[in-house]
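Colleague: Please take a close look at one strand of this model and its pairing. Then set it beside the other sheets, helices and cores.

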Amino acid sequence: MNSFSLLIVILAILTGLSSCKAAPAMRTGSAWAHEASDLAPHPGVVYGRLANGMRYALMQNEAPPDQVSIRFQIAVGSRHEEDNQLGLAHFIEHMAFNGSTNIPEGELVRILERKGLVFGADTNASTGFDNTTYTLNLPTADEAMVDTALLIMRETSSEILFDADAIDRERGVVESEKRSRSSLEAEAAGAQQTFLMPGARTTNRSPIGSDEVLRTVQREEFVDFYDKYYRPERAFLVMVGDFDVSAVKTKIEDVFSTWKPSSNVGIEPDPGYFEERGLVAGVFQDDDIATMVNIVQMDPPTPLKDTVSARQRSLLHAVAVGVVNQRFLARSRQADPDFFNARVGYNVAGETGIANFAAAGASSPSKKWREAVSALEQEIRRAMEHGFSRSEVAAQVALIHSLRENALKSEETRSSASLADGILAAYDNSFVFVHPATELDYLDAFADRITPEAVQAAFLDQWEDGEPLLFVSSSESISPADVVAAYRQSRSTQVTGPKETNDEAFAYSEVGPAGEIVWRDEIEDLGITRARFENNVMVNIKRTAFEKDQVYVMVRIGGGKLSFPMTKYGFSSVAESGLIAGGLKAHSIGALQRLLAGRLVMLNFGIEAEHYSFSGSTVRKDLLLQLQLWTAFIQHAQWREGPLLKMRMGLAQQFAQRGSSVGSVAAWELPGLLHPGDPRWARPSEDELRRLTIADIRSLVDESLSSEAIEIGLVGDVDPEEALAAIARTFGALPQRESAFRPYSEGRVAPKFPDANTTPLELFHRGEAGRALGQVYWPTTDGMDVKTAHTANMLRAVLDLKILEEIREKHGGAYSPRFFLDMSPVYKGYGYLAANLDVEPERLTEFFDIVDAIVAEVVSGNISDDEWTRARAPILEGVARAPESSDYWLGAVARAQSHEEDLEVVRSIEDDIRAITKADIVSFATAYLLPEKAWRVQIVANTK
């Protein structure tokens, strides 16, 4: 299991069980959190409450300029549902987009698209256990746009119509969403939650709901639930952006003061109860599930107010958790680790929750579940019995301090979306939303009391009372008694205390004599500085003010997959992770992390088709260290054996799980099928991976890293002279590099596209019988011609609109039908446009026919003016907004010397896109979206 999957499971513990925190509705009539705290609220936020009880928070912010972020939350979620209503809160969220008093069915999304918003990215909604939240990120802050947004939120609050026919059409969409989210991991997480907290209200109340309710719930039940819980006293509106606060406050009062609550008042359900059960275990077994071990310690909830002292106590908890997680990380990098990844966490539920709990989880090979149980138990006990070293505590405090110091520096350029999310999260958790200076102040005032003894006491507070609960998900056939026995056996093993680590200096701060710049120019209209050092290292710098003190860097090194033998492309992921995980000759990766404590640097290494890359963001004061680190990995990477052994274990588990779900079949099979007979897209066999050595991996990348061309793109809040001086001491001081990127022409041969078919190729998965995936691919051309690529993307946008309306809105058959586009910038002539449908297997044929009809419509030129406007507007808004982001400019400057034509693309992109006509995309569709060229594939359950 990869680390992302592990975090999902752990978060299921840390959020699922604590979901019954103080919800906004339960604070009706109470003070704001800051009114009952000694923490000063953020001075930029204006809070208010209307006479009807609706709350709001407003904040003026100009980052980015002329934009507004809105969050509208109703304090109702799945825990408010009765057993015959499971999924109703989430279904109502869907119906908010399906007709209200002043917005006809189907028009809401169209209104926003015409104004340049993208459904899913700028327009979204979500339902949880406690809350339903509607999100709008407005591309402009003009009065008409804000008025439209407030109208939409007001319609959502009390004007949804719940037309019976619209409900029936939406059933299939919600059912499709449920299918798309179902997985063995979700099933295991649900079983774990049921085991841990059988008395919790949220147990067996996933917001997605039950099949029976989704298929049968009637209009009357929607209306009743809506009246009960969509009430002004349960509502909280957050608006952050480039607007006048007093003017928006007046608008809110005018728009929402007419919202009158129904006399039909919903009850606030009992969150459930906490029950001590002693040392017991639960097990989830399935042949295809990845092994996951969890140890959970629960205590009765504690009354909690957000005060300075409470936050200082939480600092002690955070330091303890951080140290133990570092210990887990070190253990995972041993030559024969007991687990792939492990984490520990802690949550205080507060007086209205069910339990405070500490949780530790590890993913491991299936045969090593006992070792994972022991590793978790022993690291928890080591911390309890022996505490923490001063160096461990100091490293965590330094990290927290650096993060808070950086947050303070970047506060004036923090995005409106980030601020809106922060205000809402604070409200949800009854926290005070504070200025970063406040966070830093109480840390500094408390720092001398964050001692090893105080941190150990905090960890004991998390873990020492009572016996934990154990839960294991595994493909092995094990019993709860087996799990308890493994835990008890581990307890008999003595653990030793931590050792103090000596302060060591970074061994690679000096690369060599600083390099000399031999060429430099300034591109005035784009504000880009370009330079070349004597050793041929190329540098392109763009100074921006989007994010205070932040610096983004991309280092491209010639080679990449094109430098591999064709049969070795599949090993790129092993080499990618192995370089960093192996550490440096003078420092293991664990030692590096200790050395870097409190410094905001990144260790990201990637292998793309045309280049290797080091990339990431840092802060201005750490830029030199960031560059020193990357040059150290170029010159002194160690390639240790342990990370390779760990990767082998993980890949072996992936092989065991291949075919277990729709997604795994798509990931394993489609790359090879889309490039038939081409070894570059074939996965290595298990035998090849077993025989792979460190020497094999090094041989793939060493030559390129040591000698090929280097080009550095740097964007952010840094003076070009300062950046060039840092690069001179690092990359500029490297030995001579090649002066240009090698063409690797032999590797750019385009792969073959699969032969067209009329009967879809059928692949099989071992998962739920109701899950199926249908895809149609049309070969196009590559993306090397900019106008052609823009035209194809505009065509994709039009097709997206049509497929969403036809399949989702009219047929109610798929949650997120999409067209997607892949036109290679590397392999001449290769690309494709494809349709993707996650549907019920019995409807695959029907939906393939609908896709064909939609494509035929476009080929015939059947694109309405409204569809054209709605497809173009979000793309044009995105292009107009793009220059306000560092990511955009990093992409623009990364190749500003080796591919100077990229600069012309930057200059003309908006004009190029505006110049695309309907006739252009019809011409492209006519040339490439030919029925006789289409390749179809469907993935269905193997029911034999």
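Strand β6 and its surroundings

Modeller: In this predicted model, strand β2 (residues 55–60) runs parallel to β6, and six bridges join the two. In this pairing Met-59 lies opposite Val-240 of β6. Strand β3 (residues 68–74) pairs with β6 as well, in the antiparallel sense and over seven bridges. Here Ser-69 is the residue opposite Val-240 in β6. Val-240 of β6 therefore stands opposite Met-59 and also opposite Ser-69; strands of a sheet pair through backbone hydrogen bonds, either parallel or antiparallel.

Strand β6 covers residues 235–241, and seven of its seven residues are buried, so the strand is largely enclosed by the rest of the structure. Its residues point two ways: Ala-235, Leu-237, Met-239 and Gly-241 to one side, Phe-236, Val-238 and Val-240 to the other, and all are buried.

Next come two open sheets. One has seven strands with mixed pairing, in the order β12-β13-β14-β18-β15-β17-β16. Its edges are β12 (517–523) and β16 (604–607), each of which pairs on one side only. Direction ignored, neighbouring strands of this sheet are turned by 15° against each other on average. Within the sheet, β14 (residues 538–543) and β18 (residues 710–716) are parallel and share six bridges, with Ile-541 opposite Leu-714 in β18. Helix α17 (residues 572–581) lies across β16 and β17 (611–619), at about 160° to β16.

The other open sheet has five strands, ordered β19-β23-β20-β22-β21, and its pairing is also mixed. Strands β19 (761–765) and β21 (818–823) are at the edges with a single partner strand each, so one side of each has no neighbour in the sheet. The average turn between neighbouring strands here is 20°, direction ignored. Strand β20 (residues 772–779) is antiparallel to β23 (residues 935–941), with five bridges between them, and Tyr-777 stands opposite Trp-935 in β23. Helix α26 (residues 844–859) packs on this sheet, where it touches β20, β21, β22 (831–839) and β23, and its direction makes about 30° with that of β20.

As for the cores, nonpolar side chains tend to be buried together in soluble globular proteins. The largest nonpolar core holds 82 residues, of which Phe-614 and Phe-731 touch the most other members. Helix α19 (residues 623–636) gives the most to this core, eight residues. Leaving aside residues up to four places away in sequence, the contacts of Phe-614 include Val-553, Met-554, Val-555 and Ile-557. Others that Phe-614 touches are Leu-579, Ile-580, Asn-604, Phe-605, Trp-630, Phe-633 and Ile-634. A second core, separate from this one, has 56 residues, among them Val-776, Val-798, Leu-833 and Val-922.

One more helix belongs in the account. In α14 (residues 436–446) the buried residues are Pro-436, Thr-438, Leu-440, Tyr-442, Leu-443 and Phe-446. These buried residues of α14 pack against α10 (308–332) and α12 (390–409).

Methods. Residues are numbered from 1 along each chain as its sequence is written. This is a predicted model: local features need pLDDT of at least 70, side-chain atom pairs count only at pLDDT 80 or more; totals for chains, interfaces and linings use all residues. Side-chain values use heavy atoms; hydrogens and water are left out. Buried means under 20% relative accessible area, exposed over 50%, partly exposed in between (1.4 Å probe, protein chains only). Helices (H or I, at least four residues) and strands (E, at least two) are DSSP runs, numbered from the N terminus. Contact means heavy atoms within 4.5 Å. Two strands pair if DSSP finds at least two bridges between them. Axes are lines fitted to C-alpha atoms, for helices over the stretch in contact, and angles run from 0 to 180 degrees between N-to-C directions. A nonpolar core is a set of buried Ala, Val, Leu, Ile, Met, Phe, Trp, Tyr and Cys residues joined through side-chain atoms within 4.5 Å.
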